[in-house]
Every structure is written in C-alpha cells, then in structure tokens.
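Hi,

Here is the structure I promised to pass on. Have a look at it first, and then read on for some notes on its salt bridges.

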Amino acid sequence: MSLSLSLPPSPSPSLSGSRIAALGHYQPSRVLTNDDLSTMVDTSDEWIRRRTGIATRRIAATDESVTDMATAAAGKALAGAGLQPSDIGLITVATCTAIDRCPSIAAQVAGRLGIPSAVAFDLNNGCAGFCTALACADHSVRAGAARHALVIGAEKMSDVTDWTDRSTCVLLGDGAGAAVISAAEDTGIGPVAWGSDPTRGDAVRLVDDWHPYFAQEGQTVFRWVTGELPAIAREACHRAGLAPADLAGVVTHQANLRIIEAVVRQLDLPEQVVIAQDVVESGNTSAASVPLALSKLTARGDLPSGAPVLLLAFGGGLSWAGQVIACP
Ligand code: ACO
C-alpha cells in the first residue's frame, strides 16, 4: 500500500540548498587564568599549557544564564544576516548545561528576541550538539519547513564543574555561538557525517549526584578521538565532494590543543589551511566551542566569504558530527 499526501507547496520552492548567512558569538567578561586556578587546586600554568594548550577561559557571572549567552550570540547573528525576528521559522539551541528543562532555552531566546512563531527546541548531543543541530536545521530548511533558522550552541560549563577536581576544572569555560541558516540556490552546508559509539558511552558524563558535574575518562577520550576523528573528517570532506587539501579552514571541537594538532597532522593539510585554536583563550565550551571559534575567525577576517571550512565535533556518547560549510 502506498501513502499519498496532498501537501502544500514548499515555502521556498526554487531554493533547494541552504547556507550559513551570518554568525555571532558571546563570551562572559570574566577571564579565569591558569594562575588563578593554581590558587584553587594543585595545578600550574605549565601543566595546563603543556597538557591542554589552554591559557585562559571565560566564566559567566552567577546570575548569567545559558539563555542570556544564547540570546546575545543569536542577536548578533540575526543582525549580521540583516533579518527581522519574524523571518526566523526555526530556532534550536544545542546545550547540555541548561538547568531549565521547560520552557526550552530556544523558546526563551525566541521570546527575548521577539521571534513570533518559530518552532523552538533544544537539542542535547553533548559537545557534538552544534554540528548536529546545524545538520537538522539544514535538512529542515532544504525540506522547506523553514526559510531561515537560528542554530545556537550555548553552555555554562562552570555550573557543572567540580571546582575541587583539578583534572576537569582547568579544562572548561562558558560561552555561546550562533548561526543564521538561510535557504539558498546552492549548497553551502555539506552532508553531515555523524554517529555515536555506545561502547564508550560512559567516557564523558554529567554525573548527577547532589548537583550535576562533569566527569570524563580523559585518556580514553583522547585515544578514541585521535584514532577515529581523522577518518570522520575525511568522510565529511568526501561527502562534500572535496579532499582535505581543498579546505580553507578546519574548526574542530575545542577540547585540547594536542588533540587538534594530532588530528590535523593526520589530515596532511597544506600549510595555509586555517586551524581554529580558540581552546587556548576560551577553554572547552562544549557545544558552544565550534560556533564560537568559527564566529571569531570570520569576525577577524581569517576566513573569506565562501571559503570551505570543515566543522567537526565530538563528545559524550561518544558522539560525533561534522560537515563542510561555506563561510558566510
Ligand atoms: N594539574 C596538574 N596535574 C594534573 C592535573 C592538573 N590540572 N590534572 C591531572 N593531573 C595529573 C594527574 O593526577 C596524573 O598524575 P599521576 O601521574 O601522578 O597520576 C597526571 O597529571 C596525568 O594525568 P592524565 O589524566 O593522564 O593526563 P593527560 O595527559 O591524559 O591529560 C586531559 C588529561 C587533558 C584531560 C587529556 O586526557 C584530554 O584532553 N583528554 C581528552 C578529553 C576530551 O577531549 N574530552 C572531550 C569530550 S568532553 C567535552 O568536550 C565537554
């Protein structure tokens, strides 16, 4: 038996692709240095830099929420795209640290920005959340379910940090990044390469004890990522019809500079390819790290409009998602 539906025409019948139209980011003003941390736990600037590359991270104020940061980043992306709030038909926030379960952070952002009638929902895929949400928005826009979408990654990791655990508290930071996705004639967001490996599902966790806190088997994750991510990167490039050498930039999840360097080394990229290293100044901001790093690179003019950039994220699950995008 076949199912036949009489569907209304797509809102953008002549536009079969989608692209990132604009980006925005927000970071709290408080900078926490490695020297600050060495007064809190038994650590040192030398250890943190050598093992992670991290020099500083931003920490949100006590009364500064995931919604506040998501709204600030999204407002900038919306203004950058030259759109009105009423143009947005879909808004999704990738986060794993939002304390609010309902209404969703996305619904709250819609309210703050005056977005009148968009479908609004949060998505939790850990640190791979933004690239996952970007793929979902791309699919929705190309299917005609929305003409413009807001995709946000926002995290307040400091809320789920055990500040007495030196193995994790030195890694994490707060922030948000956002992208406006618009229907387009061409493909500006390549097919996603995504998946998960449940055999290592416990390697990254939010342990829900008296208060949720971040925990991980650092070396398990390190080995998995440096072993598996290069092949996933090549797969995302292949699906976009490119070789890694064709890329203008690579923005991976910003967890550890040593991981970034190990992955990039295996991709054998030309010297001129721009590699995001925002982890040095922002630490690990989970689902915010990819849009934050990408937005900062484009704001600095390091990646020209139209340049092919590989986005690639991994995290709890263990999950991964990545795609090649054309820079706005
Ligand atoms: N300062 C000083 N010493 C420390 C610190 C610290 N901050 N933290 C740990 N140590 C000590 C340990 O106690 C250990 O001491 P010991 O040898 O006496 O037992 C020693 O340093 C080595 O510890 P390791 O955990 O083996 O250190 P490693 O080199 O593996 O670095 C790290 C740890 C940075 C976490 C690394 O394993 C890593 O980056 N893993 C990947 C994590 C990741 O990518 N997660 C991403 C998903 S989750 C997310 O993004 C939100």
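Which residues are linked with Lys 296 in a network of salt bridges? They are Asp 278 and Glu 281. Please keep in mind that this is a predicted model.

Within that network, the side chains of Lys 296 and Asp 278 meet in a salt bridge, with 2.7 Å from N to O. Lys 296 belongs to helix α10 (residues 289–299), while Asp 278 sits in the loop between β12 (274–275) and α9 (279–282), so this pair ties together parts that are 18 residues apart in sequence. Both Lys 296 and Asp 278 are buried.

Another pair you may like to look at is Arg 239 with Glu 235, whose side chains form a salt bridge at 2.6 Å, N to O. Arg 239 and Glu 235 are four residues apart in helix α7 (residues 218–239), which means that about one helical turn separates them. Arg 239 is partly exposed, at 39% relative accessible area, and Glu 235 is partly exposed too, at 30%.

Then there is Asp 197, which makes a salt bridge with Arg 200 through their side chains, at 2.9 Å from N to O. Here the two partners differ in burial: Asp 197 has a relative accessible area of 15% and is buried, whereas Arg 200, at 34%, counts as partly exposed.

Altogether, the count comes to 11 salt bridges, including the pairs described above.

Happy browsing, and do write back with any thoughts.

Best wishes

Conventions. Residues are numbered from 1 along each chain as its sequence is written. This is a predicted model: local features need pLDDT of at least 70, side-chain atom pairs count only at pLDDT 80 or more; totals for chains, interfaces and linings use all residues. Side-chain values use heavy atoms; hydrogens and water are left out. A salt bridge is a side-chain nitrogen of Lys or Arg within 4 Å of a carboxyl oxygen of Asp or Glu. Buried means under 20% relative accessible area, exposed over 50%, partly exposed in between (1.4 Å probe, protein chains only). Helices (H or I, at least four residues) and strands (E, at least two) are DSSP runs, numbered from the N terminus.
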